[in-house]
Amino acid sequence: MSLELSPSVKYWLNFFHPLMMWALLVVSIYAAYLGLQVQRTRNAQGEEKKELIKGRYNVRHYQIGSILLALMVTGAIGGMAVTYINNGKLFVGPHLIAGLGMTGLIAFSAALSPYMQKGANWARATHILLNFTLLGLFVWQAVSGVQIVQKILTKA
Ligand code: HEM
Ligand code: HEM
């Protein structure tokens, strides 16, 4: 079964997910920067610590992280939706598998938030490990994603 959308709508839908995910890659690099500032703040002393606290990096990191969580989950679902609308099926390949893996990773790492806020070191260490894995997969996903875009462009 394929949905009855006009061919041009179906075609342009293809670019929504890639553009959004590239924007999200930039957001996730910013989130990583904020997270590292949170860590710096916690380890700093004296005047430097006072200055860093003023940056409210913990609050800003949590806010950006929450936006990242919401958009990554919906963006991955959106990628599958567009693939299904255009092909009547999904392609069980590396981009799909890595994408679903990333969605699981970010849900898991966000769920550690209340434990990190209570000061649990195991939660921090796990959060950092999961999220730097996530960033690595994201760069890789951007490469395989652009290859899919190229395929779509040459088919058209
Ligand atoms: C690219 C993704 C992310 C990276 C690289 C990242 C990295 C980090 C780092 C390095 C820390 C500092 C840990 C420490 O204090 O030693 C941290 C803390 C934290 N992160 Fe993330 N994070 C990411 C995404 C998220 C997301 C999606 C959420 C939740 C929605 C989140 C919530 C938090 C919270 C609540 C803390 C503790 C802040 C505090 O101490 O008050 N992070 N993160
Ligand atoms: C960073 C740049 C990315 C680019 C350029 C990209 C590109 C694409 C393209 C062109 C498609 C085909 C569907 C469509 O045309 O909309 C697609 C599908 C998909 N994308 Fe991405 N993507 C990127 C990142 C991500 C990320 C970060 C995730 C998950 C967190 C993800 C998950 C998916 C999934 C699950 C599909 C469906 C695959 C299938 O069933 O074959 N993508 N992507």
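This report describes a predicted model of a protein with two ligands, from overall fold to ligand shells.

## Model and conventions

The model is predicted: local features need pLDDT of at least 70, side-chain atom pairs count only at pLDDT 80 or more, and totals for chains, interfaces and linings use all residues. Residues are numbered from 1 along each chain as its sequence is written, while chains are lettered from A and ligands numbered from 1 in the order in which they are written.

pLDDT is the predictor's confidence in each residue, from 0 to 100. The protein averages 95. A score of at least 70 is reached by 97% of the residues. Among the elements, helix H1 (residues 7-13) has the lowest mean pLDDT, 90. H5 has the highest, 98.

## Overall fold

The protein has seven helices and zero strands. Both come from DSSP runs, numbered from the N terminus: H or I of at least four residues for helices, E of at least two for strands. From the N terminus on, the order is α-α-α-α-α-α-α. Along the principal axes, the C-alpha atoms fill a box of roughly 60 × 25 × 25 Å.

Buried residues make up 16% of the 156 residues. Burial is counted on C-beta atoms placed from the backbone: buried means 20 or more others within 10 Å, exposed means 12 or fewer, and partly exposed lies in between. Two residues are in contact if such C-beta atoms lie within 7 Å. Among contacts between residues at least 6 apart in sequence, 70% join residues at least 24 apart.

## Helices H2 and H7

H2 (16-43) has 28 residues and reaches 41 Å from its first C-alpha to its last. That is close to the 40 Å expected at 1.5 Å a residue. The expected span is 1.5 Å times one less than the number of residues. The buried residues in H2 are His17, Met21, Ser28, Ala31, Gly35 and Val38. The buried residues of H2 pack against H4 and H7.

H7 (121-155) has 35 residues and should span 51 Å at 1.5 Å a residue. Its end C-alpha atoms are 50 Å apart, which agrees. In H7, His127, Asn131, Leu134, Phe138, Gln141 and Gly145 are buried. The buried residues of H7 pack against H2, H5 and H6.

## Nonpolar core

The largest nonpolar core has eight residues: Ala31, Leu68, Met72, Ala76, Met102, Ile106, Leu134 and Phe138. Such a core is a set of buried Ala, Val, Leu, Ile, Met, Phe, Trp, Tyr and Cys residues joined through C-beta atoms within 7 Å. H4, H5 and H7 each supply at least two residues of this core. H4 gives the most, with three.

Leaving aside neighbours within four places in sequence, Met72 is in contact with Leu24, Met102, Thr103 and Ile106.

## Ligand 1 shell

The shell around ligand 1 has 28 residues. A residue is near a molecule if its C-beta atom, placed from the backbone, lies within 6 Å of it. The closest are Ala32, Gly35, Asn58, Gly65 and Asn131. H2, H4 (57-87), H5 (94-110), H6 (113-117) and H7 each supply at least two residues. The largest share, eight residues, comes from H2.

By class, this shell has 14 nonpolar, 12 polar and two charged residues. Ala, Val, Leu, Ile, Met, Phe, Trp, Tyr, Cys and Pro count as nonpolar, Asp, Glu, Lys and Arg as charged, and the others, Gly among them, as polar.

## Ligand 2 shell

Ligand 2 is also surrounded by 28 residues. Pro18, Gly79, Leu90, Gly99 and Gly145 come nearest. H2, H4, H5 and H7 each supply at least two residues of this shell. H7 gives the most, with eight. By class, the shell has 19 nonpolar, nine polar and no charged residues.

## Two local sites

Arg56 lies in the loop between helix H3 (46-54) and H4. Arg56 has a positive phi of about 45 degrees although it is not a glycine. Most residues other than glycine have a negative phi. Arg56 is partly exposed, because 15 other C-beta atoms lie within 10 Å.

Leu105 is found in helix H5. Leu105 counts as partly exposed, because it has 18 C-beta neighbours inside 10 Å. Beyond its neighbours within four places in sequence, Leu105 is in contact with Leu130, Thr133 and Leu134.
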